[in-house]
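Visitor: I am new to reading protein structures. Could you show me how to go about it?
Guide: Gladly, let us look together.

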Amino acid sequence: MDINSIMSSQLLELQQTVQMSVMQNALNLNASAAVELLEDMPQPQTAHPYKGTAVDISV
């Protein structure tokens, strides 16, 4: 095997590694942005007017 083919295969492996690293970073960034959006959503603060105070049973 000559030096050119060895270097070529190593370059391909390096490119794949860099691509995977970039994709992983992009996924992490998107996941953290989604978590931040979910945390920033307004939470309902008002209680239901009837829930837990009355029981309606029909037989």
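Guide: Let us start at the surface of this predicted model. Here L11, L14, V18 and V22 form a nonpolar patch, and together they have about 370 Å² of accessible area.

Visitor: Where does V18 lie in the secondary structure?
Guide: V18 is part of helix α1, which covers residues 3-40.

Visitor: Is V18 buried, partly exposed or exposed?
Guide: Buried means under 20% relative accessible area, and exposed means over 50%. V18 has 44%, so it counts as partly exposed.

Visitor: And what about M20, where is that and how is it classed?
Guide: M20 also belongs to helix α1. Its relative accessibility is 54%, so M20 counts as exposed.

Visitor: How many helices and strands does the chain have?
Guide: The count is 1 helix and 0 strands.

Visitor: What can I learn from a distance along the chain, say from M20 to A33?
Guide: You can set steps in sequence beside distance in space. M20 and A33 are 13 residues apart along the chain, and their C-alpha atoms are separated by 20 Å.

Visitor: How do I judge the overall form of the chain?
Guide: Try the radius of gyration. The chain has 28 Å, whereas a compact globule of 59 residues would have one near 10 Å. Along the principal axes, the C-alpha atoms fill a box of roughly 85 × 30 × 10 Å.

Visitor: What share of the residues is buried?
Guide: Buried residues come to 0% of the 59 in the chain. The chain exposes about 6,000 Å², with 62% of that supplied by carbon and sulfur atoms.

How values were computed:
Residues are numbered from 1 along each chain as its sequence is written. This is a predicted model: local features need pLDDT of at least 70, side-chain atom pairs count only at pLDDT 80 or more; totals for chains, interfaces and linings use all residues. Side-chain values use heavy atoms; hydrogens and water are left out. Patches are made of residues with over 30% relative accessible area and no salt bridge: like charges are joined within 9 Å, nonpolar side chains (Val, Leu, Ile, Met, Phe, Trp, Tyr) within 5 Å. Accessible areas come from the Shrake-Rupley method with a 1.4 Å probe; for residues, only the protein chains shown count as cover. A salt bridge is a side-chain nitrogen of Lys or Arg within 4 Å of a carboxyl oxygen of Asp or Glu. Helices (H or I, at least four residues) and strands (E, at least two) are DSSP runs, numbered from the N terminus. Buried means under 20% relative accessible area, exposed over 50%, partly exposed in between (1.4 Å probe, protein chains only). The radius of gyration is taken over C-alpha atoms; the globule rule is 2.2 Å times the number of residues to the power 0.38.
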